[in-house]
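Colleague: Could you take me through this model, one topic at a time? I would like to hear the reasoning behind each answer.

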Amino acid sequence: MPYEQLNLHVSGSAVVVEPASSDSRRQREILVIDRDSGNVSLESPPKRDPLSGATQSIQCFGIVGFLSLRGGDHVILIKERTRIGQLYGHPVYKLKTHGVLPLRQTPATALTEEELQDDATSLSLLEQFFATCSFYFSTEFELTHTLQRRTQLPNDDRPMWKRADQRFFWNHFLVKRIIDATNRTKESDMGNFILPITCGFMEIHRTSINRKPFTFALLSRRSIFRAGTRYHVRGVDEEGNVANFVETEQLVVYGSGEQSTSFIQTRGSIPIYWKQIVNVKYVPQLLIEQRPDTLDSFKKHFEDQFQRYDRQIAVNLINQKGYEAPLGVAFKARSEEFGDPRLRYVGFDFHEHCRKMRWDKISLLIDEIRDDLEKQGYSATNEKGQLLKGQTSVVRTNCMDCLDRTNVVQSVLAKRSLEIQFHDMGILEPSQTISDLKDFESLFKNIWADNADEVSRQYSGTGALKTDFTRTGKRTKMGALQDGVNSVVRYIRNNFMDGNRQDAFDLMLGVYETIVGTSSPFRVSSTGSLQVTALSGSFFVSLIMVILTLFMRFESLWRRATFFLLWSAVLAATANLILRNGKDFVQRPRLRAAALAASLSVSGKVQDGVTFSNNASSTTVTAKRRSRAGREGYEMTSMNE
């Protein structure tokens, strides 16, 4: 198991990492990080005094990993943690604050101004990454697996990082240096220093009903595959990974672990090749790519889901008319073309059925899939952790973003399943329902609403819409007003801020890797930048002048009208130019295009009609088309959006 707490002793040549407390059951060992090369080695037992030559000592709760920049390597540490509860007697923590320790002390004079700026930008992306996501970990309990999967794991003594589900091992790339060193020789097992962290949402509560105590937990695990932000990552990739894939487990541990039950749901982007191209307009351009490998990627996605979860009930909540309709048509067509009886496609136009705040109409969807839900069941284990019954399928829900409509439907399905579990375990009396228990129902609704907000914040930049229904069971006018505010904030973030957020994901998950001595991936065309600045400045100045014209004092109404019309004309002309050239005004990711160019080994290579020449901008960056543990699968067209 990973160490609960670590002490880092920093000297001029090395950082020595030792467990903060001794354990007689383990042989004493230390991890040594060379400050110049960044290489790691294990001393077991130690060959040196950890404090020898140390000028600084740091206490932390784990090593997140290493990030290589132009000025050298940096170690990322867990500085503070918050205990959110415990499962089966094992504490579960949320990462509260992190720290960054530079290893090599490269003098600023040894780097160019561009290299210094690149490192500053990369460190700001690191901070944005931790501000965007919520991370969870436990040194004693494997958080990446569901109750049912844990019963199927081999009963061995492998370290936690080897047992972890790679989809939810968010610092796998960052700790790869320690993993590689461990794999090189059997004598250098550094597994006790590798702590997997998981991104998503987790909340654990100890409560009781009818004087019967139990633990209620909601665990949402977001996948590292095709991770990113709302408009920059959509659809499927060549390996069958989809954007915004989240596995949500609702877990009940009855008593002190006498019996446990679990209900799993998933969400994920529509598994075809599609995107929405941000262009300043409120509704971005929708593009469904007609690619010959669409069905192959579709099959890969669902074959993987079958292997992990068995049968799939694919509930598609998007509109069946208007802007969203072509996506629904394509999803249904691919499902029929696939023709696997383990996949059931269900189209349910959420906005049509639930318009005018008639959210009770979700019952129509429940009725349509009722037979599948009853066959699906839930998983249950006894006090020895043996599987008593397994969940035989999952509902895979999606809307456009897999956020707002998806959250509402998932909470309704979860409540239905939980009520069945409570009756089966004897927690509820035969005549009772969860709605009869106001305190627990409030707890349930607020946990699911918090889950909705957190998953949404990580993908879209704001809390979820429609959470007033999740929290209260009904749609409210104040909730609709809050949805309007969130929609405006999403528009601003998704158009003008999400390029940086996507870069943060790409940097920290290893889609892009820095190579010392290469040119900057953050370099921006000065000509394009000046044009954007000039038009943006003109727009805001003219807008301010139009507003001032309404309040300033003029000698005559004619003069006021003249000034108003003049500045209104400038405002309209500028706005028209911005809308016509909208793609130039939005903030786009910079690292993903650089990573894609490098992964093709460029040298005049042509793919999907795009030619890459052997020039600085395309050859002086690096990226790895990594295995399933980190592949992003960005499409070629993403460079020309």
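Modeller: Gladly, and a definition comes first: two strands pair if DSSP finds at least two bridges between them. Strands (E, at least two residues) and helices (H or I, at least four) are DSSP runs, numbered from the N terminus. This is a predicted model, in which local features need pLDDT of at least 70, side-chain atom pairs count only at pLDDT 80 or more, and totals for chains, interfaces and linings use all residues. Residues are numbered from 1 along each chain as its sequence is written, and side-chain values use heavy atoms, leaving out hydrogens and water.

Colleague: Which residue in β3 does Val15 stand opposite?

Modeller: Strand β3 covers residues 30-34, and 4 bridges join it to β2 in an antiparallel arrangement. On the β1 side, Val15 of β2 is the bridge partner of Val10. In β3, Val15 stands opposite Ile33.

Colleague: How many residues lie between β1 and β2 in their hairpin?

Modeller: Strand β1 (residues 6-10) pairs with β2 in the antiparallel sense over 5 bridges. Within the hairpin that β1 and β2 form, the number of residues between them is 3.

Colleague: Why is β2 largely enclosed by the rest of the structure?

Modeller: Buried means under 20% relative accessible area, exposed over 50%, and partly exposed in between (1.4 Å probe, protein chains only). Both faces of β2 are covered, with Ala14, Val16 and Glu18 buried on one side and Val15, Val17 and Pro19 on the other. Strand β2 (residues 14-19) is largely enclosed because its buried residues number 6 of the 6.

Colleague: What is the angle between the planes of Phe130 and Phe135?

Modeller: Rings of Phe, Tyr and Trp (its six-membered ring) pair if their centres lie within 6.5 Å; planes under 30 degrees apart count as stacked, over 60 as edge-to-face and the rest as tilted. The whole structure holds 25 aromatic pairs. Phe130 and Phe135 make an edge-to-face pair, 5.5 Å centre to centre, with a plane angle of 65°.

Colleague: Is Phe135 buried or exposed?

Modeller: Its partner Phe130 has 10% relative accessibility and therefore counts as buried. With 2% relative accessibility, Phe135 counts as buried.

Colleague: Which residue's charged end sits over the ring of Tyr273?

Modeller: A charge sits over a ring if NZ of Lys or CZ of Arg is within 6 Å of the ring centre and within 35 degrees of the ring normal. Arg81 lies over the face of Tyr93, at 3.9 Å from the ring centre. Over Tyr273, 3.7 Å from the ring centre, sits the charged end of Arg291.
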